[in-house]
Amino acid sequence: MTQTLTIRRPDDWHLHLRDGDMLRAVLPYTARDFARAIIMPNLVPPVVTGNDARAYRDRIMAALPQGADFTPLMTLYLTENTDPEDVAAAHAEGLITAVKLYPAGATTNSASGVSSFDKVQPVLEKMAEIGLPLCTHGEVTDNDVDIFDREAVFIDRVLDPIRRAHPQLRVVMEHITTANAADYVRSAETGLAATITTHHLVINRNHILSGGIKPHYYCLPVAKRENHRIALRAAATSGDPRFFLGTDSAPHTDANKLQPCGCAGCFTAPNTLSILAEVFEQDNALDKLENFTSLNGPAFYGLPPNEATTTLQRTAPDTPAFIETPEGPVTVFDPMMDLHWSS
Ligand code: DOR
Ligand code: ZN
């Protein structure tokens, strides 16, 4: 039996680091296992301008542990008032790697997101022209659309029209949760990719709702039926370059998760690599782990893969059940299975 597994150092193509005390508490876990991460801009207030991104990047760099090998890849939060020239200047300066589209009201801190897609056409046009990718939170927010259908409806009503209007625009469908989304990604020849989270490879909607409600498994997009989880595992473990890791590790204090209207998000940064190694081994695809964690993402973003390597050891990880932060404890995602690989 293989006892070690050496892969190029992974990157996380979708991550929430927050700010202040929470940033300082969670960043060391990501910096330990990942060389780079796409940093989500949904702070309060959001990271909207190039200047906001520069200031946030500097706060992240200041919060890094001594000697860490980690580079934050910044994003801007697309609003109906985003200035195409500010986006282009931030891109030209090398300050940002992508722009994030949140439909207004779709998730945590998305109130400043987009309601009228017509209003953001000039920004999308500019992004297509300069080759700056758009990352999408792919859910419609209409209350008349069932929450389990919101991703599939987003593809038809929002994403496909955007892609037809801007054929050169490079798009990452973030945290896909359905077979429909995986199929849609495969239907495109170029310019379209998807991130898949660790938790959506492990849980289906029963884990949230059956046998008592489990707030720590609630995230957005919400986990779907088992057939969708299986489709995501097939996509992730296939080696197909259009699918890569974006953990969507999203820390919330237990106090904010465990209440009548609890926050969405799973905190997976501390044990993501252990869980992924387990999942890929279960599916006889350990040889594809590096594609998913370390090769496909950089290839899509036009960046070199990391030169450094990570060696996983076949030994049970000692991940804590929760981490302490000055704001209170944050529960680490429990994959409900024994893990056999440590990073
Ligand atoms: O579960 C989620 N949590 N989904 C998101 O889209 C946002 C994230 C967060 O910021 O907490
Ligand atoms: Zn997210």
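# Questions about two ligands and a few unusual bonds

Mentor: Welcome! In this predicted model, proline 221 is found in the loop between helix H7 (205-209) and helix H8 (226-237).

Trainee: What makes the peptide bond from leucine 220 to proline 221 cis?

Mentor: Look at omega, which is near -5° for that bond. The bond from valine 44 to proline 45 is also cis, again with omega near -5°. Proline 45 has its place in the loop between strand S3 (36-39) and helix H2 (50-63). Most peptide bonds are trans.

Trainee: Leucine 220 is listed among the closest residues to ligand 1. How many residues surround ligand 1, and which others are closest?

Mentor: There are 13, and besides Leu220 the closest are Arg18, Asn42, His252 and Ala264. The test for being near is a heavy atom within 4 Å. By type, this shell has four nonpolar, seven polar and two charged residues.

Trainee: Why is the pair between asparagine 42 and ligand 1 called a polar contact?

Mentor: The side chain of asparagine 42 has an N or O atom 2.8 Å from an oxygen atom of ligand 1. The limit is 3.5 Å, so this pair qualifies. Alanine 264 passes too, with a backbone N or O atom 2.9 Å from a nitrogen atom of the ligand. Glycine 265 uses a polar backbone atom, 3.3 Å from a ligand oxygen, and that is still within the limit.

Trainee: How much of the accessible area of ligand 1 does the protein cover?

Mentor: The cover is 99% of the 290 Å² that the ligand has on its own. The space that ligand 1 takes is the largest cavity.

Trainee: What makes arginine 18 stand out in its phi value?

Mentor: Its phi is near 60°, a positive value in a residue other than glycine. Most residues of that kind have a negative phi. Arginine 18 lies in the loop between S2 and H1.

Trainee: How do you know which residues are the protein donors of the zinc ion (ligand 2)?

Mentor: His14 (NE2), His16 (NE2) and Asp248 (OD) lie 2.1 Å from the zinc. The cut-off is 2.8 Å, so these atoms count as donors. Their spacing along the chain is H-x1-H-x231-D. Histidine 16 and aspartate 248 link distant parts of the chain, 232 residues apart.

Definitions and conventions:
Residues numbered from 1 in each chain as written. Chains lettered and ligands numbered in written order. Predicted model: local features only at pLDDT ≥ 70, side-chain atom pairs only at ≥ 80, totals over all residues. Heavy atoms only, no water. Polar contact = N/O pair within 3.5 Å; in protein donor to acceptor, adjacent residues only side chain to side chain. Areas by Shrake-Rupley, 256 points an atom, 1.4 Å probe, with all protein chains shown as cover. 1 Å grid on protein atoms, 1.4 Å probe; cavity = no way out; pocket = protein on both sides within 12 Å on 5 of 7 lines; lining within 4 Å. Sits in = over half its atoms within 2 Å of the grid points. Nonpolar A, V, L, I, M, F, W, Y, C, P; charged D, E, K, R; others polar. Donors = N, O, S within 2.8 Å, 3.2 Å for Na, K, Ca; no water. Helix = DSSP H or I, 4+ residues; strand = E, 2+ residues; numbered from the N terminus.
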